[in-house]
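Thank you all for coming. I would like to walk you through a structure that is new to most of us, going slowly from one kind of contact to the next.

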Amino acid sequence: MRLTRYFLPVMKETPAEAQIASHRLMLRAGMIKQNAAGIYSWLPLGLKVLRNIERIVHEEQQAAGHLPILMPTLQPADLWRESGRYDAYGEELLRIRDRHERDMLYGPTNEEMVTDIFRSHVESYKALPLTLYHIQWKFRDERRPRFGVMRGREFLMKDGYNFDLTKDDAIHAYNRHMASYLRTYERMGLKAIPMRADSGPIGGDDTHEFLVLAETGESEVFYDKAIEDLHLGDRAIDYADREQLEGIREEWTTPYARTDETHDPALYEAIPEERRVQGRGIEVGQIFYFGAKYSEPMGATVIDAEGNRAPVHMGSHGIGVSRLVGAIIEASHDDKGIIWPEAVAPFGCGIVNLRQGDAETDAACEDLYAKLSAAGAEPLYDDRNERAGAKFNTMDLIGLPWRITVGPRGLKDGLVEVTCRKTGETEEMSPEAAAAKIATVFAGI
Ligand code: 5CA
């Protein structure tokens, strides 16, 4: 992409309404535009990051054997009357009436609708196990939408629902979600810690939230420092292997880690003092097992091998896709702007032309642009007629992982500069070597 052809409405001033870094930087980098309290448009740069996050979520869900579907944002109230949540959900539920006076709602979550799909089509245990998920916009009329996309009213969520014959099978589904979520967050460059949580309006006893540590997080967290050393790394996960998944769950849930909602001071104080950590975190996902809470009242049953009919065991599992954009920025920025992890970066690399209009410099930039595009590193070429300082500031603000700086002076010696946004380190090399270096980085992504 050439910057002169792009829509990147960056702001010089710090927007007064934004209280935390991610909100400020998303506005300043022209990623989002607020349309109403807690409701945002995603501009080209922001949308690219959102789509990258969605792609990773899809890949990891499908690796775990979960099937993508797409349910609507609007739902008939009658389904929610069956589960009893139409009245129970409270003020956060946006209730709407259509022209035929039928009660509808803008879905804050989809347990009822997916249970209705299931009961319409599944009769036998032979169709199980089954996990359906989608990535769709949700609406919750939050009392205090704030921090930009972090606590929106309309927000993008991945929500998945498992249907199983037995509790054991449903716990296996729970463990599959836990492992796939750990991998998903790691791929985005995040450390997200599963913490025992409260189930709120979704229901059930077994539930974990995933928290990314950040001072600006809305949840207070207490944990054993030992959990910070756990990594999945590149270990192979076999999602059919119950023992392996049970092992992963044990590994991540044995050290104490809880939010203020479930915090137990006695257990916390049993951790050696030097390992006790109290801080704040951003909730980027939550998984639930709730048995027959929806399947029973809604009549979602299957016939087992002996011919008996029983409600299926279910759980639901959510990832805050749009919130993750903010969470990644909270975890990765500096005074100058965003620092994108390569896996979610909107463009892999920026090309800064220091002398736009100089034939030799322009040609070198064009050549790099072609090579990097062909290598799949998606360059953003700053071809504006601007001062070098302004170009550097824009690149630092929007946080592309790499920058190649091309100017007549360096080219005289056959050199360009390659700068890593994260470390600030700059190396001089030939344009060919620069293209090859960046191409190698992005070959594996
Ligand atoms: N039905 C279940 C699982 S699918 C559910 O709705 N879970 S949830 O309420 O925990 O939401 C899942 C994730 O969505 C949360 O972990 C959080 O990351 C994200 N989320 C929830 N509310 C908001 C909000 N107002 N703005 C942005 N993201 C949100």
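Let me begin with a term that I will need straight away: a salt bridge, as I use it here, is a side-chain nitrogen of Lys or Arg within 4 Å of a carboxyl oxygen of Asp or Glu. Please also keep in mind that what you see is a predicted model.

With that term in hand, look at Arg 421 and Asp 334, whose side chains meet in a salt bridge with 2.8 Å from N to O. The two residues come from distant parts of the chain, 87 residues apart, since Arg 421 sits in the loop between strand E22 (416-420) and strand E23 (426-429), while Asp 334 belongs to strand E17 (residues 333-334). Arg 421 is buried, with a relative accessible area of 8%, whereas Asp 334 is partly exposed at 28%.

How many salt bridges does a search of the whole structure find? The search finds 30, and I will show you a few of them.

In one of these, Arg 275 pairs with Asp 224, and the closest N and O atoms are 2.8 Å apart. Arg 275 lies in the loop between helix H8 (265-269) and strand E13 (276-291), and Asp 224 in strand E11 (residues 219-224), so this pair ties together parts that are 51 residues apart in sequence. Here Arg 275 is partly exposed, with a relative accessible area of 32%, and Asp 224 counts as buried, at 6%.

Another salt bridge joins Arg 2 to Glu 366, again with the closest N and O atoms 2.8 Å apart. This one spans 364 residues, from the segment before helix H1 (21-28), where we find Arg 2, to helix H11 (residues 359-374), which holds Glu 366. Both partners are partly exposed, Arg 2 with a relative accessible area of 28% and Glu 366 with 33%. There is also a network of salt bridges, which links Arg 55, Glu 59, Glu 60 and Arg 187.

Let us stay with H11 and turn to its packing. H11 packs against helix H14 (residues 431-443) at an angle of about 25°, with the axes 9 Å apart, and that makes the two helices roughly parallel. The crossing of H11 past H14 is right-handed. On the H11 side the contact involves Leu 368, Lys 371 and Leu 372, and these meet Pro 431, Glu 432, Ala 435 and Ile 438 of H14. Sorted by type, the residues of this contact are five nonpolar, two charged and no polar.

Helix H10 (residues 321-331) deserves a moment too: 10 of its 11 residues are buried, so H10 is largely enclosed by the rest of the structure. Among those buried residues are Arg 323 and Glu 330.

Finally, a word on the backbone. Most residues other than glycine have a negative phi, and most peptide bonds are trans. Against that background, the bond from Leu 128 to Pro 129 is cis, with omega near 0°, and Pro 129 lies in the loop between helix H5 (111-121) and strand E7 (130-139). Glu 101 has a positive phi, near 65°, in the loop between strand E5 (94-97) and strand E6 (103-106), and Phe 147 has a positive phi of about 60°, in the loop between E7 and strand E8 (154-164). Are these two residues buried or exposed? Glu 101 counts as exposed, at 56% relative accessibility, while Phe 147 counts as buried, at 11%.

Conventions:
Residues numbered from 1 in each chain as written. Predicted model: local features only at pLDDT ≥ 70, side-chain atom pairs only at ≥ 80, totals over all residues. Heavy atoms only, no water. Helix = DSSP H or I, 4+ residues; strand = E, 2+ residues; numbered from the N terminus. Buried < 20%, exposed > 50% of the residue type's maximum accessible area, 1.4 Å probe, protein only. Axes fitted to C-alpha atoms, helices over the stretch in contact; angles between N-to-C directions. Parallel < 35°, antiparallel > 145°, perpendicular 65-115°, else oblique. Left-handed = near helix turned anticlockwise from the far one by under 90°. Contact = heavy atoms within 4.5 Å. Nonpolar A, V, L, I, M, F, W, Y, C, P; charged D, E, K, R; others polar.
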